[in-house]
Each structure stands twice: as C-alpha cells, then as structure tokens.
Amino acid sequence: LNPPEAGPLCPGSSSDSPVSLHSLQSGRLQVAIDEGVKCGLKVMEGGEHVPPIACITVATPKADLELLVACLQAMNEDGGSRDIAKMVLSPGVKELAVAAYVPVQKQGKICCQDWLQNSVAKHGGEMLSTSNTCCTGVIRASSSSLCESLIAETIDYLLAKRLLSDDPDKSEGLLVLTRGSKNKHKKPEIGR
C-alpha cells in the first residue's frame with residue numbers, strides 16, 4: 001500500500017499533507033494501516049446485520065492523529081466499512097486522539113462535527129479539524145475509563161438523536177470494538 005493522504009478524508013487537519021516522514025520512518029504507518037483494515041473487516045463481519053454505527057478503539061496510532069486518520073481511511077477502503085459511521089479512539093500516554101467519520105448517506109441524520117464536539121468538549125478536549133465527513137480532536141488526558149466514558153457519551157448522543165432506540169428489542173445496537181475484545185453489539189443502557 002502507498003501511504004494514504006489524509007487531506008481528502010479530514011480536510012483542515014494537521015495531516016492535510018501526506019503522512020509525515022517521521023511516521024513513515026518509524027514503521028508505524030503500515031502497522032496502523034493493517035490495524036485499520038482488520039478493524040474494518042471486523043466491523044463488516046455481521047454481513048447484513050452490521051449496526052450502522054461503530055465505536056472503535058485502536059492501539060497502533062498511540063494518539064498520533066496522522067496515524068489515526070490513516071487507520072480510519074484503511075478501515076473504510078480496504079476494510080470495506082465505508083458506509084458505517086464511526087467514532088475511533090486512539091489512547092496515547094498523555095492524550096487521547098479521536099476521529100469521527102460520517103458517510104455522506106448518513107449526514108442528514110448525524111452531524112460529524114456535533115458528534116465529535118459533544119464528546120471531546122465534555123473532557124476539556126479540542127476539535128482540530130472539521131468537515132461534513134471527518135472530524136478530529138484531542139483530549140489532553142488518557143485512560144481506559146476515558147475511552148469508556150466516550151463510548152457511553154456516544155450512546156447518549158445517538159439516543160438523543162434517535163439513531164439508537166432505548167428499547168433493546170428494537171435497537172440495532174452500536175458495534176463497539178476495543179483493544180483485545182471480540183465484536184460487541186451493545187444495546188443502549190437506560191437509566192445509567
């Protein structure tokens with residue numbers, strides 16, 4: 001694979017140009033792309049029963065936004081999950097990088113910028129790039145409980161937008177993939 005260019009996916013981000021030379025030299029770019037492909041394929045394992053939205057935690061980027069965008073692009077293209085809206089989390093030592101992706105056909109129901117802003121603002125984070133399709137942000141803290149909190153907030157946001165049902169029998173669920181986990185189709189929890 002040639003290094004993906006982040007510009008078309010997340011315009012305005014610090015990765016408007018091709019992935020940095022540092023990322024290429026560290027060898028992490030190909031590992032991030034491979035992880036993205038694997039995650040995209042896992043998302044699509046359910047065939048016609050795949051939920052329309054996924055929340056995914058990835059390890060390789062380690063909060064590097066360029067690598068996170070490359071990972072997200074690989075999920076969509078080689079992983080085949082381009083039609084699935086996603087919130088992708090990448091914890092690092094001191095911060096958590098976040099990317100939200102909303103395909104064109106879902107933009108009438110969910111605003112990418114609002115979705116990500118809702119999540120990062122509650123933790124003192126900031127938006128770094130915005131577009132209708134992909135937004136990135138960073139929270140200057142990182143922990144497994146922060147990832148869990150963002151997943152819970154994603155569920156709350158989607159419930160408020162009526163993109164998930166609070167009736168577990170009617171909801172298609174939210175696909176949650178975290179490091180070291182198997183596919184989890186989470187039903188929204190009421191009264192948390």
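## Salt bridges

Three salt bridges turn up in this predicted model. Here is the general idea behind them: side chains of opposite charge can pair when their charged atoms come close.

Let's start with the pair made by Glu77 and Arg82, whose closest N and O atoms sit 3.6 Å apart. How covered up are these two partners? Glu77 has a relative accessibility of 45%, so it counts as partly exposed. Arg82 is partly exposed as well, with a relative accessible area of 41%.

## Arg140 and its two partners

Now look at Arg140. Its side chain meets that of Glu95 in a salt bridge, with 2.6 Å from N to O. Glu95 belongs to the loop between strand E2 (85-91) and strand E3 (96-101), while Arg140 belongs to the loop between strand E5 (134-139) and helix H5 (144-160), so this pair ties together parts that are 45 residues apart in sequence. At 24% relative accessibility Glu95 is partly exposed, whereas Arg140, at 51%, counts as exposed.

Arg140 also has a salt bridge with Glu126, and here the N to O distance is 3.1 Å. Glu126 is in strand E4 (residues 126-129) and Arg140 is in the loop between E5 and H5, so the pair links parts that are 14 residues apart in sequence. Put the shared partners together and you get one network of Glu95, Glu126 and Arg140. As for its surroundings, Glu126 is partly exposed, at 37% relative accessibility.

## Helix H3

Helix H3 covers residues 65-76, and you can check its length yourself. At 1.5 Å a residue, its twelve residues should span 16 Å, because the expected span is 1.5 Å times one less than the number of residues. The end C-alpha atoms are 16 Å apart, which agrees.

Which residues of H3 are buried? Twelve of its twelve residues are, so to speak, under cover. Among them are Leu65, Leu68, Val69, Leu72 and Met75, but also Glu66, Gln73 and Asn76. A handy thing to know when you turn a helix around on screen: an α-helix has 3.6 residues a turn, so residues three or four places apart point the same way.

At the N-terminal end of H3 you'll find a cap, Asp64. One of its side-chain oxygens lies 2.9 Å from the backbone nitrogen of Glu66.

## Two buried loop residues

Ser81 is in the loop between H3 and E2. Is Ser81 buried or exposed? It is buried, with a relative accessible area of 0%. The side chain of Ser81 reaches back to the backbone oxygen of Met75, at 2.9 Å. Not counting residues up to four places away in sequence, Ser81 touches Gly40, Val43, Met44, Met75, Asn76 and Lys86.

Lys106 is the other one to look up, in the loop between E3 and helix H4 (112-121). With a relative accessible area of 18%, Lys106 counts as buried, because the cut-off is under 20%. What does its side chain reach? The answer is the backbone oxygen of Asp83, at 2.5 Å. Once neighbours within four places in sequence are set aside, Lys106 is in contact with Pro52, Asp83, Ile84 and Ala85. Try finding Thr133 too: from C-alpha to C-alpha, Lys106 and Thr133 are 9.5 Å apart in space, with their positions 27 residues apart in sequence.

## Two positive phi angles

Most residues other than glycine have a negative phi, and most peptide bonds are trans. Against that background, Lys62 is worth a look: this residue is not a glycine, yet its phi is positive, about 50°. Lys62 is in the loop between strand E1 (53-57) and H3, and at 54% relative accessibility it counts as exposed.

Arg162 also has a positive phi without being a glycine, with a value near 60°. Its place is in the loop between H5 and strand E6 (174-177). Arg162 is exposed, at 75% relative accessibility.

## How far to trust the model

The protein chain has an average pLDDT of 80, and 74% of the residues score at least 70. Over residues 1-7, though, the pLDDT is below 50, and the model gives this stretch 18 contacts beyond near neighbours in sequence. Residues 12-18 also stay under 50, with 15 contacts beyond four places in sequence. Where pLDDT is low, the predicted coordinates should not be read in detail.

Definitions and conventions. Residues numbered from 1 in each chain as written. Heavy atoms only, no water. Helix = DSSP H or I, 4+ residues; strand = E, 2+ residues; numbered from the N terminus. Buried < 20%, exposed > 50% of the residue type's maximum accessible area, 1.4 Å probe, protein only. Polar contact = N/O pair within 3.5 Å; in protein donor to acceptor, adjacent residues only side chain to side chain. pLDDT = per-residue confidence, 0-100. Contact = heavy atoms within 4.5 Å. Salt bridge = Lys/Arg side-chain N within 4 Å of Asp/Glu carboxyl O.
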